[in-house]
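I opened this model to look up how its parts are arranged and where empty space lies. My entries follow in the order I made them.

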Amino acid sequence: MREYLKFYIDGRWVDPVEPRTLDVDNPTTEQVAGRIAIGAAADVDAAVEAARKAFTTWSQTSRDERLAVLGAILDEYQKRAIDLADAVGEEMGAPASLAAGPQVRMGLGHLTTSIEALKKFQFEEQYGSTLVVKEPIGVCGLITPWNWPINQIACKVFPALATGCTMVLKPSEVAPFSAQIFTEIIEAAGVPAGVYNLVYGDGPGVGSALSSHPDIDMVSFTGSTRAGIDVARNAAPTVKRVTQELGGKSPNIVLDDADFAKSVAAGVSAMMTNSGQSCNAPSRMLVPNSRMGEAITIARGTAAAVKVGDPSDKKAIGPVASKAQFDKIQGLIQKGIDEGATLVAGGTGRPDGLDTGYYVKPTVFADVTNDMTIAREEIFGPVLCILGYDDLDQAVEIANDTEYGLAGYVSGADLETARAVARRIRAGSVAINHGFDLSAPFGGYKRSGNGREWGHFGFDEYLETKAAMGYAPPQ
């Protein structure tokens with residue numbers, strides 16, 4: 001059993017100010033897999049003080065010095081990739097192919113992308129006699145979720161390091177094991193003391209202390225919209241910058257000219273990835289009403305082929321992360337049935353033969369209308385809603401009829417039509433024919449958050465802009 005009972009503060013592993021622990025469950029077995037220490041405001045104070053002290057020197061390092069540190073982290077990350085995958089597998093029940101594949105590789109991808117972005121990033125530009133300088137914002141509080149634990153740590157920590165910021169990380173208490181391994185990587189890479197600090201804890205105890213701390217200059221938060229509102233409220237009195245990547249209810253418009261067998265199947269498969277626990281999951285599939293029957297047949301077959309809990313199958317999905325999440329999803333599936341949606345596949349309860357673990361049946365609803373609860377609320381499980389449309393204007397109207405705006409998807413054979421529809425979707429990113437780019441900006445419109453992560457776009461969140469007027473003689 002794992003026991004991570006110390007915090008990493010000022011380059012040392014230290015005991016909490018007041019010893020408290022929390023059991024961490026493995027959602028596959030429903031058994032305790034480990035324990036972590038739980039921090040409080042006093043631990044946050046110590047970590048912030050260390051980060052503030054380190055900022056004086058780290059903020060003045062050169063591009064080459066920061067590239068050297070990131071390169072050292074890259075070496076250590078590759079050495080510990082198996083350990084990271086094992087940790088993700090235990091903390092959130094991810095199958096080995098998912099844990100060692102996308103979960104760990106996404107973190108590696110953010111690291112290599114940050115390295116390449118740092119090599120080219122323009123920290124200074126001259127406009128006439130004025131020099132515009134981008135400087136590190138200061139001490140950053142980083143609060144990360146459990147669904148893509150390494151990905152979300154990586155896309156915050158690496159840009160912060162690259163831009164010269166120091167930081168305090170609070171990973172999710174639901175999935176903290178991979179954060180421990182990540183921190184050991186940081187230590188082994190020789191990141192200077194105080195630049196990176198780790199405090200385990202929950203939202204009320206550590207998250208609130210970070211977001212309200214007067215010596216934190218910026219908070220980057222990923223999680224639910226409800227929790228994001230609390231973070232922003234806590235940060236407001238000190239007027240610190242807040243960037244947030246929050247919930248989503250992303251539309252996936254399948255155009256009439258699309259290869260239906262391929263496009264519908266791809267949409268179902270994308271929805272089931274990571275057991276549906278992705279904020280940008282294509283959870284609302286929109287198809288022409290005239291082809292609803294065809295879509296149902298394809299979706300039913302695709303969902304039925306999704307294996308659940310089979311570690312030998314590389315396409316299998318694991319459990320959802322916790323009992324609380326399992327219960328929420330079960331309630332929403334029942335809500336869909338009660339409100340009259342057509343249950344195409346799956347339903348309530350565990351899959352046959354799986355009596356232990358928080359496993360959810362791959363579920364598809366059809367004939368969903370956009371006023372139904374399952375079309376409005378983020379389910380965060382392997383549950384797909386299929387909605388019909390009569391023409392493209394109606395498809396776009398339904399797609400945008402949501403309080404969220406994180407992502408969108410468009411599938412179609414005619415690229416110009418697909419591009420035109422993508423432009424009309426009110427979301428931070430739109431994937432045409434399921435395109436993907438790790439260097440593209442990632443973030444949301446509306447209640448899906450503010451700010452952007454990934455690639456060089458993520459650097460700007462960690463920088464202040466200074467205008468040095470009269471820097472150069474007039475032309």
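**Domains.** Before using any distance between domains, I note that the domain bounds come from an automatic or database domain assignment. The model itself is predicted. For the chain, I read off domain 1 as 2–246 + 448–468 and domain 2 as 251–432. I then looked up the separation: the C-alpha centres of domain 1 and domain 2 are 31 Å apart. For the contact between the two, I find 19 residues on the domain 1 side and 24 residues on the domain 2 side.

**Second largest pocket.** I asked where this pocket lies with respect to the domains. Domain 1 and domain 2 both contribute residues to the lining of the second largest pocket, so the pocket lies between them. I note its volume as about 340 Å³. I count 19 residues in the lining, and those nearest the centre are Ser269, Thr273, Lys315, Ala316 and Ile317. Two helices, H4 (96–120) and H9 (260–272), each supply at least two residues of this lining. The largest share comes from H4, with 3 residues. Sorted by class, I have 8 nonpolar, 7 polar and 4 charged residues in the lining of this pocket.

**Cavities.** I next searched the whole structure for enclosed space and got 4 cavities of 30 Å³ or more. The largest cavity holds about 80 Å³ of space. Which residues lie nearest its centre? I list Met271, Ser278, Ser283, Glu378 and Phe380, out of 13 residues that line the largest cavity. The lining of the largest cavity divides into 6 nonpolar, 5 polar and 2 charged residues.

**Helices H3 and H6.** Last, I looked up how helix H3 (residues 81–92) packs on helix H6 (residues 177–188): the angle is about 160° and the axes are 7 Å apart. Angles over 145 degrees count as roughly antiparallel. That makes H3 roughly antiparallel to H6. From H3, I record Asp83, Leu84, Ala87, Val88, Glu90 and Glu91 in the contact. From H6, the contact takes in Phe177, Ser178, Ile181, Phe182 and Ile185. By class, the residues of the contact of H3 with H6 come to 7 nonpolar, 1 polar and 3 charged.

Terms used: Residues numbered from 1 in each chain as written. Predicted model: local features only at pLDDT ≥ 70, side-chain atom pairs only at ≥ 80, totals over all residues. Heavy atoms only, no water. Axes fitted to C-alpha atoms, helices over the stretch in contact; angles between N-to-C directions. Helix = DSSP H or I, 4+ residues; strand = E, 2+ residues; numbered from the N terminus. Parallel < 35°, antiparallel > 145°, perpendicular 65-115°, else oblique. Contact = heavy atoms within 4.5 Å. Nonpolar A, V, L, I, M, F, W, Y, C, P; charged D, E, K, R; others polar. 1 Å grid on protein atoms, 1.4 Å probe; cavity = no way out; pocket = protein on both sides within 12 Å on 5 of 7 lines; lining within 4 Å. Points joined across faces, edges and corners; volume = space filled by probe spheres on them.
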